[in-house]
Structures are given as structure tokens and as C-alpha cells.
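I opened a new page for this one and went through it a bit at a time. These are my notes, in the order I looked things up.

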Amino acid sequence: MVGTGAADLAPSVAVKVFAAGTAACVADLVTFPLDTAKVRLQIQGEAVPLVLGQKAKFRGVFGTIFTMVTTEGPRSLYSGLVAGLHRQMSFASVRIGLYDTVKQFYSRGSDNVGIGIRLLAGCTTGGMAVAFAQPTDVVKVRFQAQVRLPESGSVKRYNSTMDAYKTIARDEGIRGLWKGCLPNITRNAIVNCSELVTYDIIKEFILKYNLMTDNMPCHFTAGFAAGFCTTIVASPVDVVKTRFMNSVPGQYNGALNCALTMLIKEGPTAFYKGFVPAFLRLGSWNIVMFVSFEQIKRAAVRFQQSI
């Protein structure tokens with residue numbers, strides 16, 4: 001990604017990978033309750049479709065958070081956090097940390113990189129990251145969807161993060177850990193392209209026309225725009241991915257069957273369930289992540305220069 005700061009002239013690939021993974025973990029810690037609320041809204045109506053006139057348990061992002069806190073306790077908002085941090089360290093490190101390197105590879109080191117090359121680089125690192133992080137994403141979604149209601153008689157699917165990995169592998173096979181891989185590759189190709197390319201282009205535009213200096217306000221603006229664009233294009237795929245990864249064996253024949261079932265039973269609006277929390281989460285996540293990413297990169301380069 002473009003930059004003009006003295007400390008950011010030539011961060012190594014290792015620095016970018018480390019900075020991306022760390023920044024993504026910081027962003028997850030800040031925004032995880034919003035992500036959990038988004039998952040709950042996305043899977044609402046999956047087991048028992050809501051009939052006309054029936055009130056939904058979760059209504060809106062803040063209503064969902066309030067309901068979860070009052071009925072399941074505050075800890076429910078961070079259910080799956082460990083798997084989420086596992087995911088970010090393996091996933092964001094690849095898709096964000098290697099973006100510049102892959103972009104330079106495709107452009108053969110050219111300074112004038114077109115949008116096609118940027119999109120291709122985003123698709124490539126997004127797809128690569130899924131190969132590493134899919135099991136962590138499956139476990140994270142399962143935990144976030146798991147309701148903490150002992151009095152309801154429902155049995156918890158998993159007792160801990162490691163128990164989830166073991167149970168899924170035992171009951172569903174190794175393939176179970178890569179459940180939803182295809183929709184996730186699709187989603188992350190879309191997310192990576194919209195997120196990284198939007199950030200890259202807007203930051204480059206701001207710096208080219210001297211609208212801001214290469215500092216926090218610039219990173220904040222570009223990060224917010226990246227989150228908004230990503231939410232618009234990725235929400236339908238994200239909902240299908242969440243539903244399919246959270247499903248029990250045999251519930252859906254595949255991602256396309258999951259999407260078709262949603263369309264028939266719940267209508268087209270089902271694909272934008274949880275849109276507001278998705279935007280709040282992606283907008284805030286992108287701001288925190290990109291601001292942290294730029295600062296960690298600079299700090300790491302300064303540290304390297306000082307030794």
C-alpha cells in the first residue's frame with residue numbers, strides 16, 4: 001500500500017505480515033461483540049422460519065447485544081474470541097500482509113499499478129488465506145452461534161476452542177474443518193478486493209492530491225470507506241457462508257443449496273440479515289485495523305533501524 005512516511009519507506013515482507021496479523025487481532029478485540037451480534041442476526045430464522053406476525057428474538061444490532069447480555073451474560077459477546085484471534089493471526093497475516101508483495105509480483109515492480117492488477121492481487125491473497133484459516137473460521141462461527149442458555153435444555157456443542165477442533169474433526173471428518181470453504185473463498189476474494197483495493201486507491205488519491213498527510217486521519221478515512229464498500233458487496237455471500245458453516249451435517253447439500261433454501265423460505269432480504277451490525281463491525285474493524293497496521297509497520301521499521 002502506498003505511503004510517504006520516512007519510517008514506512010521499505011518495510012520488509014516479514015514486517016508487513018507481523019503488522020497485519022497483530023493489527024487484525026487488535027481490531028477483533030475491539031469489534032468482536034458486533035461480529036457476534038451479526039452472526040446471531042444472520043442465523044435467526046434458520047432452524048425455525050419466522051412466521052408472519054411472529055416477533056424475532058433479536059432485533060437490530062444493539063437490541064441483539066442487549067438481549068444476549070441480559071439472557072446469556074456479557075461473556076456470550078466474546079464467545080469464539082480465541083478462535084477469532086487464531087483466525088486473524090493466520091488469515092490477516094496472509095491476505096493483508098502479502099497484498100503488496102503479490103501486487104508487485106503481478107505488476108513486475110511497476111509504479112503504475114492498474115485496478116485490474118490490484119483486484120487480482122486481492123483475490124490471490126484472499127484465496128491463499130482461506131487455505132490456512134478455514135478451520136479457525138468454522139470454529140469461530142460455531143461458538144458465536146452457540147447459545148448460552150442452560151435453562152432452555154439445549155446442550156452446548158463445544159466446551160472449548162480445542163474441543164471444538166477435535167469434535168468437528170471426529171464427528172464430521174477433516175473435511176468438516178474446511179466446511180464452507182468455497183463460499184468463504186468467494187467471500188474473501190470479494191472482501192479482499194473491496195477492502196484492500198478501496199483502501200489502497202483512496203489512500204493513494206488522498207496523498208496524490210495532498211488532501212491529507214500520510215497519517216492517522218488519512219488512514220481513518222480510507223479505512224472507513226473500505227469498510228462501507230466491503231459491506232455492500234460482501235453481505236449476501238457472508239450470510240450464506242455463516243449459515244452453511246454453522247449448519248449440522250446434512251442440513252444443506254452445498255453452499256448453493258443453502259442460498260436457494262434461504263431465498264425460498266425467507267426471501268431475498270435474508271441475504272442482508274445483519275447488515276447494520278456487519279457495517280458497524282466492518283467499518284470500525286477496518287478503521288482500527290488499518291490505523292493499527294500503519295502504526296505497527298512504522299514502529300517495527302523504526303525498531304529495525306535503531307538496532
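**Overall fold**

I started with the secondary structure, keeping in mind that this is a predicted model. I found 11 helices in the protein chain and zero strands. Reading along the sequence, I wrote the pattern down as α-α-α-α-α-α-α-α-α-α-α.

Next I looked at overall dimensions. The C-alpha trace spans about 60 × 40 × 35 Å along its principal axes. I asked myself what radius of gyration the chain has, and how that sits with a compact globule of 307 residues. It comes out at 20 Å, and the globule would be near 19 Å, so the two agree.

Then burial: 54% of the 307 residues count as buried. I also pulled up the contacts between residues at least 6 apart in sequence, and 79% of those join residues at least 24 apart.

**Surface and charge**

I noted an accessible surface of about 14000 Å² for the chain, with 68% of that belonging to carbon and sulfur atoms. For charges, I have 32 positive and 19 negative side chains. The centres of the two sets lie 4 Å apart.

**How far to trust it**

I checked confidence before going into single residues. The chain averages a pLDDT of 86, and 90% of the residues score at least 70. Which helix has the lowest confidence, and which the highest? Helix α2 (residues 61–72) is lowest at a mean of 88, while helix α4 (residues 99–107) is highest at 95.

I put a flag on residues 149–153, where pLDDT stays under 50. The model has five contacts beyond four places in sequence for that stretch.

**Phe58**

I went to the loop between α1 (13–43) and α2, where Phe58 sits. Buried or exposed? Phe58 has a relative accessible area of 8%, and buried means under 20%, so I put it down as buried. Leaving aside neighbours within four places in sequence, I listed its contacts as Arg40, Leu41, Gln44, Thr64, Thr67, Met68 and Glu72. I took a distance for one of them, Leu41: it is 17 residues from Phe58 in sequence, and the C-alpha atoms are 6.5 Å apart.

**Ala92**

Ala92 is in helix α3 (residues 81–95). I read its relative accessibility as 0%, so Ala92 counts as buried. Not counting residues up to four places away in sequence, Ala92 touches Ala20, Ala24, Arg87 and Gly97. I also checked Gly126, which is 34 residues from Ala92 along the chain; their C-alpha atoms are separated by 8.9 Å.

**Arg118**

I wanted to know where Arg118 lies, and found it in helix α5 (residues 115–145). Is this arginine, Arg118, buried or exposed? Its relative accessible area is 4%, so it goes in my buried column. With neighbours within four places in sequence left aside, Arg118 is in contact with Tyr99, Lys103, Val113, Val197, Asp200, Ile201 and Glu204.

**Phe143**

I stayed in helix α5 for Phe143. Phe143 has a relative accessible area of 7% and is buried. I wrote down its contacts, again not counting residues up to four places away in sequence: Ser79, Gly80, Tyr158, Ser160, Thr161 and Ala164. I looked up one C-alpha distance here too, from Phe143 to Asn246: 9.1 Å, with their positions 103 residues apart along the chain.

**Two positive phi angles**

Last, I looked at backbone angles. Most residues other than glycine have a negative phi. What is phi at Arg108? It is near 55°, a positive value in a residue other than glycine. I placed Arg108 in the loop between α4 and α5. Its relative accessibility is 80%, so I noted Arg108 as exposed.

Asn210 got an entry as well, with phi near 55°, again positive and again not at a glycine. I placed Asn210 in the loop between α8 (181–208) and α9 (216–246). At 66% relative accessibility, Asn210 counts as exposed, the cut-off being over 50%.

Methods
Residues are numbered from 1 along each chain as its sequence is written. Side-chain values use heavy atoms; hydrogens and water are left out. Helices (H or I, at least four residues) and strands (E, at least two) are DSSP runs, numbered from the N terminus. The radius of gyration is taken over C-alpha atoms; the globule rule is 2.2 Å times the number of residues to the power 0.38. Buried means under 20% relative accessible area, exposed over 50%, partly exposed in between (1.4 Å probe, protein chains only). Contact means heavy atoms within 4.5 Å. Accessible areas come from the Shrake-Rupley method with a 1.4 Å probe; for residues, only the protein chains shown count as cover. Lys and Arg count as positive and Asp and Glu as negative; His and the chain ends are not counted. The place of a charge is taken as NZ of Lys, CZ of Arg, CG of Asp or CD of Glu. pLDDT is the predictor's confidence in each residue, from 0 to 100.
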